[in-house]
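Hi,

Here is the structure I promised to pass on. Have a look at it first, then read my notes below.

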Amino acid sequence: MIGRICGTGSYIPKVAWDNNKLSEMVDTNDEWIQERTGVVRRHIASGEETTSYMAAEAAKAALADASLAPDEVDLILVATISPERIMPSTSCEVQKKIGAVNATCMDVNAACTGFIFALNTAQAFIGQGIYKNVVVIGAESLSNLVNWQERSTCILFGDGAGAAVVRAGETGHYAQVTYSAGNGGNVLTCSSRNQKQFEEQPKAAETYMQMDGREVFKFAVSKVPEVIRELLDREGMQPDEVKYFVLHQANERIVRSVAKRLKEDIGKFPVNMGEYGNTSSASIPILLDELNKKGELRAGEHVILAGFGAGLSYGASLIQW
Ligand code: ACO
């Protein structure tokens, strides 16, 4: 059996902060942010728009798009690094909120590669004939992890959720290449606030996202093209057989550099980080939902999804629409 995406959905927080708002908070400006990252605005979750709330709203939209009832869902996978609670899992919270009473639920933590790893997990269960209908979600409220006084990170991130319904079928094409590089993990970290070492200093810098931006940039522009080439070679495919390369939306310069290294037309690399910033595990499913809703994806077309992030982790998946 092979999983095919048969419905997508997303949820975007109502409040948006543009670059000018950030320039009132830290020493930065709209021109620098747009030129170096491509980000113009990012959406910021309110107190009620928790990670599980956004995840559930995205899941409901995806189920409606797939014409699937909640009680037909066998598995819910939520990729997130910013749950509002450590337990129960965000996926169990989603189950409760959407009424997916027959689903097994678990979360995946692979930062910005999270949606890809979760999608691969769905495929593995479907391939083994264990589950038929899987909801895969990427949901983040990174605004809770960002230090809003630190200009090199706060300009990049935003909140939101995206979801896809993956259904078992007899036909279709799916392939994946993934890697984790734990030895390089210190370039992108965020420590839990629930640690004895932070009892006296709950707002210690380590409890916010810390990043060596240049190192992450170098890692992304070398590894993402590499993993996409490996995937295409393994499947005996040429890049021109791929309709779109849906990359994690971290920085427009990274997307342009990947397109150049692959010698592919930049038009095949859709971007939306201008509106949302980097929403980590939510960025790929939000972009996929936008493409789907615009009617850009036709049955049978091949799309490559590729991500990179903390871990370090990276990978690419080939899907057939
Ligand atoms: N506004 C104005 N100036 C700034 C800002 C800012 N917000 N931030 C940094 N600067 C300054 C720096 O201090 C530096 O000044 P100096 O030359 O006087 O020392 C100058 O701008 C250049 O700084 P760099 O860090 O070299 O800027 P760079 O071009 O590398 O851009 C950025 C920084 C945007 C962070 C880039 O490195 C990047 O996007 N890296 C990848 C980050 C990423 O993708 N992270 C997400 C991973 S996904 C996950 O798992 C969460």
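A quick term before the ligand: a polar contact is a pair of N or O atoms within 3.5 Å; within protein, one must be able to donate a hydrogen and the other to accept it, and residues adjacent in sequence count only if both atoms are side-chain atoms. An N or O atom in the side chain of Arg151 sits 3.0 Å from a ligand oxygen, and for the side chain of Asn251 that distance is 2.7 Å. Ala310 joins in with a backbone N or O atom, 2.8 Å from an oxygen of the ligand.

Keep in mind that this is a predicted model: local features need pLDDT of at least 70, side-chain atom pairs count only at pLDDT 80 or more, and totals for chains, interfaces and linings use all residues. Residues are numbered from 1 along each chain as its sequence is written, and side-chain values use heavy atoms, with hydrogens and water left out.

Now the inside. A nonpolar core is a set of buried (under 20% relative accessible area, 1.4 Å probe, protein chains only) Ala, Val, Leu, Ile, Met, Phe, Trp, Tyr and Cys residues joined through side-chain atoms within 4.5 Å. The largest one has 47 residues, and Ile228 and Phe245 are among those with the most contacts inside it. H7 (helices are DSSP runs of H or I, at least four residues, numbered from the N terminus) gives this core its largest share, 9 residues. H7 also gives the largest share of the shell around the ligand, 4 residues.

Cheers

Notes. Buried means under 20% relative accessible area, exposed over 50%, partly exposed in between (1.4 Å probe, protein chains only). Helices (H or I, at least four residues) and strands (E, at least two) are DSSP runs, numbered from the N terminus.
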